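Ready for some practice? Have a look at the structure below, then try each exercise before reading its solution.

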Amino acid sequence: MTKTERTYLDWNATAPLLPAARKAVLAALDSVGNPSSVHGEGRALRMLVEAARRDVAALVGAAPAHVIFTSGATEAANLVLTPDYRMGRTPLAIGHLYVSEIEHPAMREGGRFAREAVTTIPVTRAGLVDLDALETLLAGHDKAKGLPMVAVMLANNETGIVQPVTAAAETVRRHGGLLVVDAVQAVGRVPVDIAALDADFLIVSSHKLGGPKGAGALISRGEVLMPVPLIRGGGQEKGHRSGTENPAALAGFAAAARFAAADLAERNGRIAALRATLEAGMQAATNDVIIHGADVERVANTSFFSLPGLKSETGQIAFDLEGIALSAGSACSSGKVGQSHVLAAMGFDAALGGLRVSLGPGSTEEDVERFLAAFSRVVSRRRMTGNAA
Ligand code: PLP
């Protein structure tokens, strides 16, 4: 099979580079200068970085001054998840981190908190963070050790399920805590506004939006309460993240942010229609497909499903051989397919594998047709042999 015949249905892993982002990256790569230099070349690049800051801020309704650029969402998570904060110049301790069980490993690992200072918040069978459990955890928090910090993602990367973040924020406020929201899979898919969510910090990533990999941001609500830096040095990003900025990556990130912010409803309507066709097609092909999160609010592009008797790894390889790039929920960096911690957190048998189709602005009806044709073949092979290999 030639490369051009492949069908890319793994937009939650990374989105293909947008033409506008590519153009912006290439133009910036050719610009000489360091954004911190005071000469004309440096100032031109500083202007580019500050324009990118405005575009990324606008994506989540934040002030540009509150955007700290990082090398991606993982670095932003490690910057924000720390027991050491400053309120202005005064040190402020965060005593404990409460992190939802379905967070991406970038958050679930707890950043700079000691293991014993991290507790997971369970989710319900429906895949939603359990607000009663959050209430109980925060009611039992020992404030003598410092403030509680809570991390709840806005949209889950495996299921696409939109989490009750504003309700979680209300609980966090009542207990005087801080709220960190991983919005990586939500921006460009649902409207995101840092004030409406009542979050203290948001995390976003360029490559999930069609920008280049290796750029992201930590966006804060204000400027007074800030984490102690993770990367120290020349004091870039107002001292919050040292190191020469990457203007090319940021220019591409900004182009992707502008794209994500525009025509959201129209784009998502089209993607939702494609997913509806895809899920109806799977259900028509076999009556035992389980579509996770179908009864709750999901971002429009994601479909996470299980076929009893089909392991994720086997399924992923079977689809890959059919020319379809999709993902098992959790792909480790080694390329091995692990068991989905999200399905396990939702109370499903750990042996039940999940497969994730994730669409994007470039997805077409033909992509869905190709997927469904492959799906039928995988299902009939499973019937014949008990697996899809
Ligand atoms: N958070 C979520 C929800 C993600 O899906 C990802 C990427 O897989 C990350 C964080 C990490 O993002 P980055 O690749 O920018 O470090």
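**Exercise 1: the two sides of a helix**

In this predicted model, helix α5 spans residues 131–139, and Ala-133, Leu-134 and Leu-138 are buried in it. Work out where these three sit around the helix axis, and which exposed residues are on the face turned away from them.

Solution. Start with the general rule: an α-helix has 3.6 residues a turn, so residues three or four places apart point the same way. Next, look at the arc: Ala-133, Leu-134 and Leu-138 cover only 130 degrees around the axis, so they lie on the same side of α5. Finally, go round to the face turned away from that buried side; there you'll find the exposed residues Asp-132, Thr-136 and Ala-139.

**Exercise 2: a strand with two partners**

Find the strands that pair with β3 (residues 84–87), and say whether they run parallel or antiparallel to it.

Solution. Take β4 (residues 90–100) to begin with: four bridges join it to β3, and the two run antiparallel. One of the pairs to look for is Met-87 with its bridge partner Thr-90 in β4. Now check the link between these strands: β3 and β4 make a hairpin with two residues between them. In that turn, Gly-88 has a positive phi of about 65 degrees. Then move on to β10 (residues 225–227), which pairs with β3 over three bridges, again in the antiparallel sense. Here, Tyr-85 has Pro-227 in β10 as its bridge partner.

**Exercise 3: around the ligand**

Describe the shell of residues around the ligand, then pick out some polar contacts and say how much of the ligand the protein buries.

Solution. First, list the shell: Gly-72, Ala-73, Thr-74, His-104, Met-153, Asn-157, Asp-182, Val-184, Gln-185, Ser-205, His-207 and Lys-208. Sort these by type and you get three nonpolar, seven polar and two charged residues. Now for the contacts, using a cut-off of 3.5 Å between N or O atoms. Thr-74 has a polar side-chain atom 2.6 Å from an oxygen atom of the ligand. From Ala-73, a backbone N or O atom lies 2.9 Å from a ligand oxygen. Gln-185 brings in a polar side-chain atom, 2.8 Å from an oxygen atom of the ligand. As for the cover, the ligand taken alone exposes 400 Å², and the protein buries 85% of that.

**Exercise 4: a helix and what follows**

Which residues of helix α10 (residues 312–321) are buried, and what is the phi of Gly-323?

Solution. Going along α10, the buried residues are Ser-312, Thr-314, Gly-315, Gln-316, Ala-318 and Phe-319. After the helix comes Gly-323, with a positive phi near 90 degrees.

Key. Residues are numbered from 1 along each chain as its sequence is written. This is a predicted model: local features need pLDDT of at least 70, side-chain atom pairs count only at pLDDT 80 or more; totals for chains, interfaces and linings use all residues. Side-chain values use heavy atoms; hydrogens and water are left out. A residue is near a molecule or strand if one of its heavy atoms lies within 4 Å of it. A polar contact is a pair of N or O atoms within 3.5 Å; within protein, one must be able to donate a hydrogen and the other to accept it, and residues adjacent in sequence count only if both atoms are side-chain atoms. Accessible areas come from the Shrake-Rupley method with a 1.4 Å probe; for residues, only the protein chains shown count as cover. Ala, Val, Leu, Ile, Met, Phe, Trp, Tyr, Cys and Pro count as nonpolar, Asp, Glu, Lys and Arg as charged, and the others, Gly among them, as polar. Two strands pair if DSSP finds at least two bridges between them. Buried means under 20% relative accessible area, exposed over 50%, partly exposed in between (1.4 Å probe, protein chains only). The arc is that of the directions from the helix axis to the C-beta atoms.
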